[in-house]
Structure formats: C-alpha cells, structure tokens
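This report examines selected local features of the structure shown below. Strand pairing, aromatic contacts, backbone angles and polar contacts are taken up in turn.

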Amino acid sequence: MIKVYSQLNLDFRKVFFSKGHFLFRALFKIACCCLFALLPTLVSAQTTINGTVKDDKGTPVIGATVTEKGVKNTAVTDINGKFKLSLKGKSGILNVTYIGYKPKEVAIGSSNEVVITLDEDLNNLNEVVVVGYSSKQVSQLSSSVSVINGNKLRDVTSNDLGSLLQGKAPGVMVSSASGDPTGGSSILVRGASSISAGASPLIVVDGNIGGTYNPTDVESVTVLKDAAATGLYGSRAANGVIIITTKMGKSGQTKIDINSVTGFNKATFGNFHLMNSQQLYDYQKTFMNPDPSVLKNNTNWLDMAFRTGITQNHTISASGGSDKTQFYVSGNYYKEQGTLIDNGTTAYNFRSNLTTKLNDKLKLSVLLNTIYTKDNNPTRLFTGNALYDAYLSMPYDPAYNADGTPTDGRNYPGWVGRDKENFLQGLQYNFADAKTLNTSGDFNIDYAITKHLSFATYNRATLINYRDETYYDARTKDGGANSGELYNNSYFASTLLTSNRLKYDNSFGNHNLTLLAVGEGQKYHYDDQALNGKGLPPGRPIMSTATDIVSNPSGGVDEYNFRKYLGQADYNYAGKYFLVGSYVHEYSSRFGGNNPSGNFYQAGASWILTKENFMKNVQSINFLKLRGSYGTTGNAEIGNYAGLGLYSIDQSASYNGAPGAYPSQKANPNLTWEKMKTANIGVDLGLFNRIDVNVDVYQKTSSALLFKKPLPATSGYNYVFENIGSVRNRGLEINVTSRNLVGAFKWETNFNIAFNRNKVLSLDAGESMAAPGAQLPIAVGHDMNDWYMPIWAGVNPANGKPQWEKLVTDANGNVTKQLTSVYSEASASKQFTGKSASPKFTGGINNTFSYKNFSLSTFLNFVYGGYVYNDSRAYFDNDGLYDSYNAMVPAKGWTRWQKPGDIATEPQAIQGGNNNSNSASSRYLENGSYLRLRNVTLGYQLPQTWLTNLKIRSARIFVSGDNLVTFTKFTGVDPEVDLNPDVDNMSTKGVSSFKYPVSRKILFGVNVGF
C-alpha cells in the first residue's frame, strides 16, 4: 500500500479559465512543454525521495532495502523505518525488499514523500525446504528441521560435508579422529541410539537416497531430526536424515561463475610438545645413565614428518535457460596436500543438472555427477607409518647422513630408537595410493495427470570403481624381509534405485489437502578382490614382477535389496492449523526369513498462533508456531547377511588340495528391525522482526536393538546377531538468529546449542552389562559412552608408586574401597568413573558483519563436558617403561615424584616402568571440552562501476582462516575424537591416539560472475 501526500494546495482553475488571461495561458503552455522536455534530466539530477516503510501492523520496518530500479542506487531504512534516496535514473520506480516480507515495486508519482507498506511473506520468513518426498515451507512443518544454505556451509574449505556442517545445526554432532584430508568425519544426529548397528544419518541427494555430490554444487542442506520429518524414509531414518539439494538453473540470462581458492595448511599440535634432546637427556638421567654422546644430535621428528601443505579449490559453473529448459553445469578441481609428508587428496568433479518441460504436463530432469579421486595415504603403511614414527622416534637419532641422504636405522651406528627405522628412508620408495571413480545419474519424470493429480518417477544408478596399491620396496625395513611386497585391492559397487510417486493436491476453500503414495525399490551389488605378491625388484611396483604370489588371495560378493511402500496425508486449514500422518511398510533382505518386513508410522501437528485474531495486536511477536510429532522409524544398518547361517570357504579349510568349508556365523531367522519411537515438541518464535528462535525438546527410544552378542567358544561360533535391549536419548535444542544492527553497518548473529542425555534402559534378560571387558561397555542405567576402568588414585607420597582403587568385599558382603599399587588388583576392580565420552552440550556461534562493500564473518564451534581417553600418554608419559621412545613435555601443573613426602601427579620414573603405571586407567582420562575458532573470513565486493565496462556481473575477493585457534585443557594434540566408529572397532570410540593433527589454513579467494 502506498499513500502519497501532495504538498501543493493551489487552485489553478481560476488562473487558467478566467477571462482576460489568454496570454498567461499561452505562456503557461509553452513553459509546460519545456518542463516536460527537461523533466527526465531534472529528476535524474537532483530529485530526492523521503519515505517510510512499515509492515501491515503499522510498525516501522528497520533495515529494509530501497533500490531505484535500473541503476545501482540503494538506501536502507533507519530505526524509524525512514529513508532518503536521491534518484539517478529515469525509471521513477523503487524496489523495496526485506527478509520475511514480499518484495514491492513502487511508482514514485509526483510527490517526494512516500509511505510504503510491506506484506508479510511466510515463503521467505520460513524457507522452502525439501522434506520427505516433497518441498514445503518451514512454517507449514510439524517437525524438527534445520536448514543450512550453501554459502554458510562453505565458509570452511573442505571436500567433506561433515566438516562443513560442524557446529552449524543444533543436535548435529560432527567429529573426526584425524586431520588426514583423505579421511572423513562422522555425524551423529541427536546422539547414538544403537549398540552394534550403524548410527550415521541417511544421506539423500536431490530427492533420492544416496548419490554423489560435491560441496561446491550444494544449494542447501536440510537436516531432518524427528519422526514426522524422517519417517517416510522408513528403515534408514532412525539416525536422522540429511537432504542435500544441488544447484539448478533458472530461466534468464546465462550466468558464468568462477570461484577460486588457494591457501596454506599447517599442522596444529595444541598443548602437546615432545622433548628435545636436552630435555629428554635430563629426564632420563633421573632413572638411567644415558650416554652424553646422544646430545650431538637434536632431531625434531615432527618437523621432519610435517610440512606446510597447499590447498586449492577451483570451480567454474554455468547456469541459465529459458522458461522451458534450465541447466546447471559445473566442474571442480580440489587438491589438498596433507601436512604429513606424502599425504594428500586430489579430486575432479563434474556435474550437469538439466530440467526441461516437454509439454504443459510433462517435465524431464536428467542429473549427472562424476567424481574421480586420487589419494596418497602413508598412514596405511606398516611400521614405516610416518605419523607413528614421528611421535615415537628419538631426538638423539639423526634424520640425514652427511651427504644429505636419509639415514637407515637398521645399520646406522649407535641408533637409539627402538624400531631402528627412519620413516624418511622408507618413504623414498614405499607408497600407499588409492583411486576412486564414483558416478551417479538420475532420470526423473514428473507428469501432471490432472490439475490436482500428478505422477513422478525418480530413478538413479550409482557406480563406484575403486583400486588401491600398497608397496614396500626391498630397500626398506618393511619390504626387506620378503624382498619387496605389493598389495593390490579393488572393488566395484553399484546401486540401482527407483522411486515412483503419486500425489494429489487440492484446496477446498480454507481446507488444503495433499495425499502421497510411494513405491520404492533399491538393489545393491558389491564385489572385491585382493592379491598380494612378494619378491619384487627394487623400484618395480608391478604385480607381474613378483616372484611369489601369496597363496591366499581373497575376494567376495555382497548384495542387498530394499522395497518400500508408503502413504501420507497432509492437511492444513487456512494456513493456520496443520496435520500430517504417514504409514510405511518396508522389506529388507538383511533380516531373518521370519521377519524381513517392518511397519512404521508417524504423525505431527502444528499451529501458527500469529494468524489468530487475538495475536494481531501483539506487535512484538511477528511469528509464533507450536508443533509436536510422534512416530516410529527403523534401523537396518548391519551386515548384509546378519540373519543367515554362514559358512566360510577358504584356504584354511582346505584339505589335501580340496576346498573345505566351516560354519562362521550362527543363523537367527527371527532377526528383525531395530525400532525407534520419537516424540518431539517445538516452538518457533519471531520477535520484533529481528530475532528468530527455535526450541525443540525430544525423546527417542530405541528397542529391539541389533546387537552382536558374543557366544561361548563351546558353541562353535563367535557371535550371533539378536534383537536385544533398549536405549533412550533425551535432549533440548535451541537455535537463535538475531539481526543486531540493520543500518549501513549490519551485524547478524546465529547461535545454536544442543543438550543430549543417553541411557541404556535394558539388555538381554538378566543382563546388566554387555562387553564388560571394554572401556566403554553397555550397561543398564548408564550412558553408552560411560568410561569403565580401574580408578586412578594418584601417587603414593611415601614411595612414588602408582595407586588405584580396589574393591574389597568382607564376610558380610559389604564392599569397601582401598588403595593398591598392584595393577592386577585394580584391573579386577574396574568401576564406572563417573565420566563419559559423551559431551554435555555442543553448538556453534556465527557472526556476520557488513559495511558497504566489506564483509566479515566469524564462526566458533564448541563441545563441553566429554572426557577423552588420551591413549598416547601410555607411550609418552610412561614413567620410564619405554626408554627408547621420546617423551612428552609435562603439562602445566604436572609434577614428578622425586623423594619421600613429595605430593606429585606423576609416579617415580623407573627404567623398565613403575608397577604398570601406564596401564589403562582413569589416569589418562582428560576433559575434552574445547572452543574452536573454526573460521574467519574477510571479504570485499568490488564496486559495480569498476566492473560494468569489463562485462563482469560481480566480483569478490576474500581472505579466510580455518581452525585458527582452539581453547582447551586437553594435553594431547587435539580433543576432537570420533564417537561413531566402525561397529567392529569400538575400542577407538572416545580415544585419542597418535592423532593426525588438524590443519590451520590461511586461504585467499576470488569469486567472479559474468
């Protein structure tokens, strides 16, 4: 609505039409003609518009953007909603925009004073996101959803989605046990809910399960967290769903975008420091007599192993199209040198997204993505692992001979280090390389049967070819024993998926109804083979040169398939009250023959209170919605044949040259789905058109857990998969976005925090603990990540010996705690430490500042309350046990026992060790809380006046820093650990050991659009 108030109050009728004024009228006409001829020039020169922008309640809109159409001329409303704009062009039209409101085009008219009213637009206030098998406005959702747009996702430079997501969505915990660029990260949504089955969320790309993508092509990421949102994905939704939407073309002029980033990586070692030769010599003199000659060398092996790496990320894309056909095409080159020598990854990515309307009823979409990756990963090598040796090698040993060649610890005189190896000598010849070609293609058809009824078929094929080679040259320690060794491994995997969807969408007055029916099938195939050879000539890593092919080559085939049918009804009244319900039936070949299918249901409701009349006069609240959901989902992330009785046929079972077989897995025909029940209550609140708050409270309870139950040796089997026990997660999530300053200087803050509490409710009948020998056993009444081990009781002041707690039971059955220096007694008295690897809360803070063409963003992520087992200290802080390994510099506040009466944190150092003082106990449990400055980016948008003559649409330059500083008390390299490991390697969960450090990156970039 626009109201124009005229300030002219003259009655020209008397002047023009009264008798005797003919001459005046003639002169007036001539003047008018001249005025109209000059009007464009006069307006363009100096016309100034004063205006006010309000919302539909009459409240001033602060920070609205007012732009003169056709020219680069903009003003921003102040705290009273007012603006002033001197016109430069000839259009006489203003465009007014503000987040959460519909854009408005205003003709200026004859007045210099305007009042503009903006209408609220829920389509913008609540983004349109992909949920399940359709797109919806967030305002219409009855579920818990987090949306991260691509630009905010890519402030950090990485080729791994998890790394980009870290700290940006409440309830989404991303962790990595390594800074290796060839590795990845693990993602947990609202905590782990399974014991033996996988806990990672389901990945959906462009509407279909699975698929490939490159982060540079991502338009947005949507995280679905509760049953009402995830339930349509049935069996694989128990751990949450991450939906990735890639960029698509838009009709209009073709756009070319070039994005280029280059920078430097440097390893960060946190609070961890290894001793130099003098420090180690002084320390060793307290418990042994080192030869002073060792001081002639002072090798910093970490400096030898780590370098300044280079990261490059270059993308060129083209997008555009007509009203009929749209396209998006991109190519990406990503190369990151690891900070560890000989380590790095190189990736080439090509994407093509094409959408065309074949006619008024039929739309075709063809999507293609291919990624070719080359990895160099020396951490896969055996004892020549540069990472392992860099930590443990002695500073007394030299890295290079006098002629500049690497020393060889096997024959170098006086070599002190235990392993007699210099990794620099081995890495001249040894390598561990891998190549992967990953291609996915989508063929989608949408057909409008009638105005309200449509059919869609979405189809995808994904093909993966992988090959790796690991070579140990005969000239090295690792390859010397067998005169050279070569290991070749390869696999091929294919996934075929079809999803067919029938949708009815209609409105009856204020009643809006959408019905959805889906039939879906997926088939997976995997085959691999491995071949090992030995006796290779030096420098000839080709299998045909091997004189001996190892006699136990391996290979296999894996397959599974899923079938799913679902129905959903989605209803809303007047865009105010919302109800959704769905039912899913799914079959999986992974389960026993008696129960291969599972049934799941979901329901949700929400109410937008600000659409009620009683909220119209509450001007401080611009949006308020209550929502709730409840439903069931499933988990099928176990082995492909977990329910079957299996036999192994391999060389170990052969007899007299004939093949043999032996039983390797016990059958369980009743094995079925792990089921999860999830309840969620949430509120979405908008205040003063400046602050948006989202709060969710949830409970998810998993039952019939898929558990790898150990069996006694007398059974003839190691384990059997069964449905056992239940686990509960409860949590609170808060997300706040505030526009703190909205004038010429803008400042926006996003803050998210999530609390989660995990508890094991039950196990197998009569059991209170599973895997009691583990440091993280599964015990009823405890968090799945509660530490269970001997309790460290410090150092005995009288003799410097280590002390632990031991449990003593008297004749009456009473249990008391006593101190012992005998580790076997403590090991027999393992206890829960009261500390958990699970953090108490996680989150992130992002601040974005902008002034004119400058922008600055800062992003911090934090983890608080989790305890990490610093396993490396068993080697570096071993109290004299390993005198041929280097030692760590004692952390601040640590003291070593020297004489009777000393109150110390570290036992007396004794050559050969002090009463097993470095054995596993709570001694090495450390607070893993940290606050990390994850990214800072300073950018400058080049003025359009500089670019117009060059035919450049936009250009931006920036400098960025990743992982700039980490605040923590953890004494190891980095407190970030993996809490979602391979289920067959649970011992790594919550453990930090010989960690590949995180890289600090300084990057320079340019974005250019044509």
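In this predicted model, strand β51 (residues 930–941) and strand β52 (residues 954–968) run antiparallel and are joined by 11 bridges. Within this pairing, Thr 937 stands opposite Ser 960 of β52. Strand β52 also pairs with strand β54 (residues 999–1009), again in the antiparallel sense, over 9 bridges. Here Ser 954 is placed opposite Gly 1009 in β54. Strand β52 thus has β51 as one antiparallel partner and β54 as another.

Strand β6 (residues 93–97) offers a second example of a strand with two partners. With strand β3 (residues 65–68), β6 forms an antiparallel pair over 4 bridges, and Val 66 has Val 96 of β6 as its bridge partner. With strand β7 (residues 104–107), β6 likewise pairs in the antiparallel sense over 4 bridges; in β7, Lys 104 is the bridge partner of Val 96. Val 96 therefore has a bridge partner in each pairing, namely Val 66 and Lys 104.

Which residues of β6 lie on its covered face, and which on its uncovered one? Leu 94 and Val 96 make up the covered face, while Ile 93, Asn 95 and Thr 97 make up the uncovered one. Such a division follows from a general pattern, because side chains in a regular strand alternate between the two faces of the sheet.

**Aromatic pairs and clusters**

The structure holds 41 aromatic pairs. One of them joins Tyr 560 and Phe 562, whose ring centres are 5.5 Å apart; their planes meet at 80 degrees, so the pair is edge-to-face. Another joins Tyr 719 and Phe 721, with ring centres 5.8 Å apart and planes at 85 degrees, so this pair is also edge-to-face. Both angles are over 60 degrees, the cut-off for that class. The accessibility of the four residues is set out below.

| Residue | Relative accessible area | Class |
|---|---|---|
| Tyr 560 | 13% | buried |
| Phe 562 | 2% | buried |
| Tyr 719 | 22% | partly exposed |
| Phe 721 | 9% | buried |

The boundary for a buried residue is under 20% relative accessible area. Tyr 719, at 22%, is therefore classed as partly exposed.

Aromatic residues also gather into a cluster formed by Phe 272, Tyr 388, Tyr 391, Tyr 875, Phe 876, Tyr 882, Tyr 885 and Phe 994.

Charged side chains sit over aromatic rings at two further sites. Arg 475 lies over the face of Tyr 429, 3.9 Å from the ring centre. The charged end of Arg 932 is placed over the ring of Tyr 930, at 5.0 Å from its centre.

**Positive phi in loops**

Most residues other than glycine have a negative phi. Arg 190 departs from this with a positive phi near 60 degrees. Arg 190 is located in the loop between β13 (186–189) and β14 (202–205). Is this arginine buried or exposed? Arg 190 counts as buried, because its relative accessibility is 1%.

Lys 420 also has a positive phi, near 50 degrees. Lys 420 belongs to the loop between α9 (386–392) and α10 (423–426). With a relative accessible area of 36%, Lys 420 is partly exposed.

**Polar side chains in loops**

The loop between α9 and α10 also holds Asn 422. Asn 422 is buried, its relative accessible area being 2%. Which side chain makes a polar contact of 2.9 Å with that of Asn 422? The partner is Thr 407. Leaving aside neighbours within four places in sequence, Asn 422 is in contact with Trp 301, Pro 398, Ala 399, Pro 406, Thr 407, Gly 409 and Trp 415. Thr 407 is thus both a polar partner of Asn 422 and one of its contacts in this set.

Thr 182 occupies the loop between β12 (172–175) and β13. The side chain of Thr 182 makes a polar contact of 2.9 Å with the side chain of Asp 180. A further polar contact, of 3.4 Å, links the side chains of Thr 182 and Asn 377. Not counting residues up to four places away in sequence, Thr 182 touches Asn 343, Gly 344, Thr 345, Asp 375, Asn 376 and Asn 377.

Technical notes
Residues numbered from 1 in each chain as written. Predicted model: local features only at pLDDT ≥ 70, side-chain atom pairs only at ≥ 80, totals over all residues. Heavy atoms only, no water. Buried < 20%, exposed > 50% of the residue type's maximum accessible area, 1.4 Å probe, protein only. Helix = DSSP H or I, 4+ residues; strand = E, 2+ residues; numbered from the N terminus. Pairing = 2+ DSSP bridges. Phe/Tyr/Trp six-rings, centres within 6.5 Å; stacked < 30°, edge-to-face > 60°. Lys NZ or Arg CZ within 6 Å of the ring centre and 35° of its normal. Polar contact = N/O pair within 3.5 Å; in protein donor to acceptor, adjacent residues only side chain to side chain. Contact = heavy atoms within 4.5 Å.
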